[in-house]
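Here are my notes on the model you sent over. I went through it with the coordinates open, and you may want to do the same.

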Amino acid sequence: MSTPSNPGAVDRAFRAALYAADDDALDTGASLLAADPAAGDEVARRGREFVASAWQRGWQPADVVRIVRRELGEVHAGLVTALIRAQAPDDRPRGRRWAAQLGELPAGEPAPADRFSHATAVLELYRLLLRLPSLEPLDEPSGNPAVRPRTESRMLTRIRALLAKAEATAFPEEAEALSAKAQELMARHSIDEALLAARAPADAPGADTPGACRIGVEPPYEQAKAVLLDAVATANHCRAVWNESLGFSTVVGFESDLEAVELLYASLLVQATTAMTRAEAAVAAPSAGARARERGKAGGRRRTKPFRQSFLAAYAHHIGTRLAAAAGTQVTEDLLPVLASRDVAVTDRLDRMFPQTTTTRLRGVSDEAGWTEGARAADRAQLRARPPLR
């Protein structure tokens, strides 16, 4: 037999815990919730309201799960995932990218079994949700719903499969062939979208307009990773703005190019991490007994962070150079006006979203061997210039 909850107990718990930073207040709130066996439904309803409030402040499902996991942990990620799923039926339709994020929500760790620990985790989560800052809203481009979704789905499925095989194979020649094929498919898709948009009247229903997406830039070495993402975005006619404190970059561009950036960045990051691990092992292996005695095990451990930071910085820099050179050879003169108009549209959207931005310099690049090996890895990365636009 169930008993009604006492809303006053929930209110007292929230007042005690959500607006104070100290653990004593959190313990007080958790004790109040744990003492009310029927508080679960009311607490869950309040949680769904916190999630809906996050959407109003510009957050998206993947953003919320990422920040919760980063700031709190897997248990809290599981709790917020359950809240997001529970709130979704009451939400308005938000577009294909949002729906994909809902479909990809992780399971997370099971919630604590005892009531006090569970109440503590819930209040920690709600306190974080309450304090989330406002973000730039990401309105998905409308596109042409009559022809785009199904074609994009098939194309992305093929590209993802090819890149997954390229990242998993131990044979460089096979990886090169698979990556080249994936690049070809991305290029074809982007070309088709650009030409289709160029032929359509600017005021036609469903006319293509720039959109934006957020891509997580996870620690460690997030600054070098942000530089890599910026290079990939620039090469694919997009612009990226990094939010260091919240751990993501916002990429602005046309939808087909945003998809290319997401896929290529993820693939290059996997390639860079694999190459870094191998290079680090090779450099760490002593070439002679004297070198081993000079450096020693402790020295090797101290060198790991500078090596990896320098490796990824060099990798990002050289990949950017390669992509920029490839981009300069892809465009025929007759298509310059088409691409220029799209660049103007992307820049205009970026300026409206981020009227003020600053630049930053790479920090912690001090290991010569790491820089050298990162540059070599970038030169070996599986890239292929897009064919000229026709």
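1. One cut-off before we start: I call a residue buried when its relative accessible area is under 20%, exposed when it is over 50%, and partly exposed in between. Please also keep in mind that this is a predicted model.

2. With that in hand, look at P106. Its relative accessible area is 27%, so P106 counts as partly exposed. You'll find P106 in the loop that runs between α6 (96-103) and α7 (115-130). Setting aside residues up to four places away in sequence, P106 touches V65, R69, T81 and R85. A62 is 44 residues from P106 along the sequence, and the two C-alpha atoms are 9.6 Å apart in space.

3. Now the overall picture. The chain holds 14 helices and three strands. Of its 390 residues, 45% are buried. Among contacts with a separation of 6 or more, 81% are between residues 24 or more positions apart.

4. How many salt bridges does the whole structure have? A search finds 14. One of them involves R69, which we met as a contact of P106: R69 pairs with E74, and the closest N and O atoms are 2.6 Å apart. Both partners are partly exposed, since the relative accessibility is 32% for E74 and 31% for R69.

5. Right alongside in the numbering, R70 and E71 form a salt bridge through their side chains, at 3.8 Å from N to O. These two are partly exposed as well, with E71 at 45% relative accessibility and R70 at 35%.

6. The pair I'd ask you to click on is E255 with R97, a side-chain salt bridge at 2.6 Å, N to O. E255 sits in helix α11 (residues 255-284) and R97 in helix α6, so this bridge ties together parts that are 158 residues apart in sequence. Are the partners buried or exposed? E255 is buried, because its relative accessibility is 4%, and R97 is buried too, at 11%. Elsewhere, D11, E42, R45, R46 and E49 are joined into one network by salt bridges that share partners.

7. On to helix α3 (residues 40-56). Does its length fit or clash with what 17 residues should give? At 1.5 Å a residue the expected span is 24 Å, and the end C-alpha atoms are 25 Å apart, so the two agree. The buried residues in α3 are E42, V43, R46, G47, F50, V51, A54 and W55. As a reminder for reading that list, an α-helix has 3.6 residues a turn, so residues three or four places apart point the same way. Two of the buried residues, E42 and R46, also belong to the salt-bridge network just mentioned. After α3 comes G58, which has a positive phi, near 95°.

8. How does α3 pack on α5? Their axes are 9 Å apart and the angle is about 80°. Angles of 65 to 115 degrees count as roughly perpendicular, so that is what α3 is to α5. From α3 the contact takes A44, G47, R48, V51, A52 and W55, and from α5 it takes L83, I84, A86 and Q87. By class, that contact has seven nonpolar residues, two polar and one charged.

9. Helix α5 (residues 74-87) also meets α7, with axes that come within 10 Å and cross at roughly 70°. This pair is therefore roughly perpendicular too. On the α5 side the residues are V75, H76, L79, V80 and L83, and they meet H118, A121, V122, E124, L125, Y126 and L129 in α7. The tally for this contact is nine nonpolar, two polar and one charged. L83 is listed in the contact with α3 and again in the contact with α7.

10. Last stop, S249, which is in strand β3 (residues 248-253). Its relative accessible area is 2%, so S249 is buried. Which residues does S249 contact, leaving aside neighbours within four places in sequence? They are C213, R214, I215, V217, L229, V241 and W242.

Key
Residues numbered from 1 in each chain as written. Heavy atoms only, no water. Helix = DSSP H or I, 4+ residues; strand = E, 2+ residues; numbered from the N terminus. Buried < 20%, exposed > 50% of the residue type's maximum accessible area, 1.4 Å probe, protein only. Contact = heavy atoms within 4.5 Å. Salt bridge = Lys/Arg side-chain N within 4 Å of Asp/Glu carboxyl O. Axes fitted to C-alpha atoms, helices over the stretch in contact; angles between N-to-C directions. Parallel < 35°, antiparallel > 145°, perpendicular 65-115°, else oblique. Nonpolar A, V, L, I, M, F, W, Y, C, P; charged D, E, K, R; others polar. Expected span 1.5 Å × (residues − 1).
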